[in-house]
Structure formats: C-alpha cells, structure tokens
Amino acid sequence: MNVLKSIILSFIFVLLGWGCISQESSEQEEIVELNKDIMVKKWADLSGGLRGKVIYARPPKLIILNLNNGAEQTVPGVFVAGGKGRRNRGKSPRPSWSPDGKQFVYRYDNKVYVCDEAGNKKHIYQEQMDCSNETRWSWYQERGDELTDWLVGPSKEGHVILVNVESPSNIRIVYGGGDVEKHCELTGTGNFVVYDNGSHIYVTQTGSVKPGKKISQGQSCRPSASPDNRVAWLPAPHTRYILVDAAAGLKVGEIMAPAGEEIYRSNWSNSSDYAVHM
C-alpha cells in the first residue's frame with residue numbers, strides 16, 4: 001500500500017484573508033510571501049517536483065495557488081461566501097477539483113457550480129440535490145468506453161447521489177440508506193461511499209441501502225474519500241485524521257497536524273499519495 005504523504009497548510013487562514021490581514025500592511029504582505037515560500041519548498045521536498053495546485057476561498061473570491069512557484073490566481077467572475085465563525089463557515093464554497101485538474105466544483109448561495117480556471121462556469125441543478133449550508137459536493141470520473149463526469153453529494157432524502165455534469169437530469173443513487181447528514185464522498189474507484197449520519201461516520205459499498213461499517217468512535221465529522229479504496233474521518237480533538245481501509249473497515253494510519261495546530265478538513269489530491277489539509 002502506498003504511503004500517504006501530506007502537506008499541512010498551517011498558514012492557510014492568513015492566506016484566506018478572513019479579516020486576518022490588511023492589504024495595505026506591508027509587514028503582513030511579507031508574512032504572506034514568506035508563507036508562500038515555505039509552501040513551495042515543502043511541496044518540492046514532498047513531491048519530488050511534481051506539478052501541483054490548491055484551490056481555496058478568500059471570500060468573496062476563489063484563489064488558485066500554484067504549489068511549484070507560489071503564484072496566486074483569482075478565478076475571474078466567481079463569487080463565494082464564507083468567513084470566520086461557525087455560521088459563516090457553513091456558507092463556504094468547499095471547492096473540489098476534478099480528478100484531471102481541469103475543472104472544479106463549488107457551492108455558493110445554495111447552488112452548485114462547475115467551473116474552470118478561466119471562470120467559465122455552469123450551474124448544476126437537479127431537484128434532488130441538497131445544496132444547503134455545510135454540504136460539500138465533490139467530483140467523480142467514471143472510466144468506461146468514455147470518461148463520464150459526475151458530481152457526488154447528498155440528496156434531500158438523505159441518500160448519496162451522482163449527478164451527471166453534462167446532463168444533470170441524469171442521476172444515480174450510490175447509497176440509498178436515507179441517513180446521510182450533509183457530508184459524504186465516493187472513493188475514486190467508485191467502490192465505496194463514506195458518510196456522516198450526524199452521529200457517526202460509516203463506510204459502505206456502493207449500491208447499498210443499509211448502513212455499512214461504523215468506522216468512527218466518539219465525536220466525529222468530515223469524512224473524506226481517497227482515489228483508491230481508503231477513507232478518513234476526523235475525531236475530536238481535531239489534531240489528526242484517521243485513515244481506514246474501506247473494504248475491511250479497519251484503521252491503517254493517521255495524518256497528524258503540526259504541534260499546536262488543528263485540522264479543519266482533509267482533501268485527497270488526484271493521486272492517492274497526497275492530501276492537503278486546512
């Protein structure tokens with residue numbers, strides 16, 4: 001099994017600019033530039049020079065950060081919400097890349113959009129989609145005779161559904177248990193669903209209508225699925241993510257936050273070897 005490598009964005013809240021910095025302050029601008037330099041060096045050491053990019057919110061903008069040179073790009077014509085405090089965080093766009101890195105999905109004003117780096121966006125509407133605050137939609141690419149793009153997220157009935165990007169009226173229920181509470185993801189293999197029922201994190205095979213294996217203990221949240229058949233969940237206190245083999249339902253490792261830091265969310269890259277954390 002590949003070893004998961006991670007890069008911790010311990011300075012992400014400075015970069016997000018949620019009232020943390022003033023654009024007029026040269027001293028704080030220098031801090032941001034220093035943090036970018038740290039990011040570039042850490043990514044180079046970690047990845048061995050692979051190309052990489054991160055998308056994140058600096059409300060009201062979405063920003064793409066090039067991990068190889070530290071350059072930032074604002075996605076033109078895209079507006080998002082979010083900010084400090086639980087209520088505002090629930091409005092955050094929670095962007096997620098497509099596996100090929102050409103587009104991303106995000107949420108704004110209870111609507112879900114797909115977009116590219118040039119700002120060309122499309123509203124994805126299907127009446128069963130739950131696009132309310134705190135929900136997160138991610139991207140799944142189905143490989144067959146042709147590559148098919150789907151969005152993965154919760155339905156208003158508490159299921160996990162796939163919504164076709166090209167034809168949003170085309171949907172598929174991949175977990176029909178009716179107990180999903182806002183947070184769910186599908187592994188890149190398409191074999192397993194991980195979800196939060198409001199109390200615990202479960203992992204189950206796609207196509208199931210019954211809860212699978214409970215993989216969490218105590219207070220838990222923010223399930224995450226990898227490109228391979230691993231999933232993860234965040235226990236309290238938020239100092240680590242627990243990695244789980246989805247088929248066996250057994251712990252296979254942990255991702256630790258730096259000393260004195262907390263992890264808010266973990267997102268896998270399109271490679272199962274890398275994850276980024278906020």
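## Exercises: strands and rings in a predicted model

Four bridges join strand β7 (residues 111-116) to β8, and the two run antiparallel. Keep in mind that the model is predicted. Let's work through it.

**Exercise 1.** Find the order of the open sheet that holds β7 and β8, and say which strands stand at its edges.

*Solution.* Start from the β7-β8 pair: Y113 stands opposite H123 in β8. Now widen the view to the open sheet, where four strands line up as β5-β6-β7-β8 with antiparallel pairing. β5 (96-97) and β8 (121-124) each have a single partner strand, so they stand at the edges and one side of each is left without a neighbour in the sheet.

**Exercise 2.** Do the same for the open sheet of three strands, then give its average twist.

*Solution.* The order is β2-β3-β4, again an open sheet, and the pairing is antiparallel. Here β2 (53-58) and β4 (72-74) are the edge strands; each has a single partner strand, so one side of each lacks a neighbour in the sheet. From one strand to the next, the twist averages 25 degrees. Zoom in on β2 and strand β3 (residues 61-66): they pair in the antiparallel sense over six bridges. Within that pairing, V54 stands opposite L65 in β3.

**Exercise 3.** Classify the ring pairs W97/F104 and Y175/Y195 from their centres and planes.

*Solution.* A search of the whole structure turns up five aromatic pairs. For W97 and F104, the ring centres are 5.8 Å apart and the planes stand at 85 degrees; planes over 60 degrees apart count as edge-to-face, so that's the label here. Both of these residues, W97 and F104, are buried. For Y175 and Y195, the centres are 4.7 Å apart and the planes at 25 degrees, which is under 30, so the pair is stacked. This pair links distant parts of the chain: Y175 is in strand β12 (residues 171-175) and Y195 in strand β14 (residues 192-196), 20 residues apart. Y175 and Y195 are buried too.

**Exercise 4.** What else surrounds W97, in terms of ring pairs and charge?

*Solution.* Follow the ring pairs and you get a cluster of W97, F104, Y106 and Y113. Then check for charges: the charged end of K53 sits over the ring of W97, 4.4 Å from its centre.

**Exercise 5.** Put the whole chain into a few numbers.

*Solution.* Count the secondary structure: three helices and 22 strands. Next, burial: 46% of the 278 residues are buried. Finally, surface: the chain exposes about 13,300 Å², with carbon and sulfur atoms supplying 47% of it.

Notes
Residues numbered from 1 in each chain as written. Predicted model: local features only at pLDDT ≥ 70, side-chain atom pairs only at ≥ 80, totals over all residues. Heavy atoms only, no water. Pairing = 2+ DSSP bridges. Axes fitted to C-alpha atoms, helices over the stretch in contact; angles between N-to-C directions. Buried < 20%, exposed > 50% of the residue type's maximum accessible area, 1.4 Å probe, protein only. Areas by Shrake-Rupley, 256 points an atom, 1.4 Å probe, with all protein chains shown as cover. Phe/Tyr/Trp six-rings, centres within 6.5 Å; stacked < 30°, edge-to-face > 60°. Lys NZ or Arg CZ within 6 Å of the ring centre and 35° of its normal.
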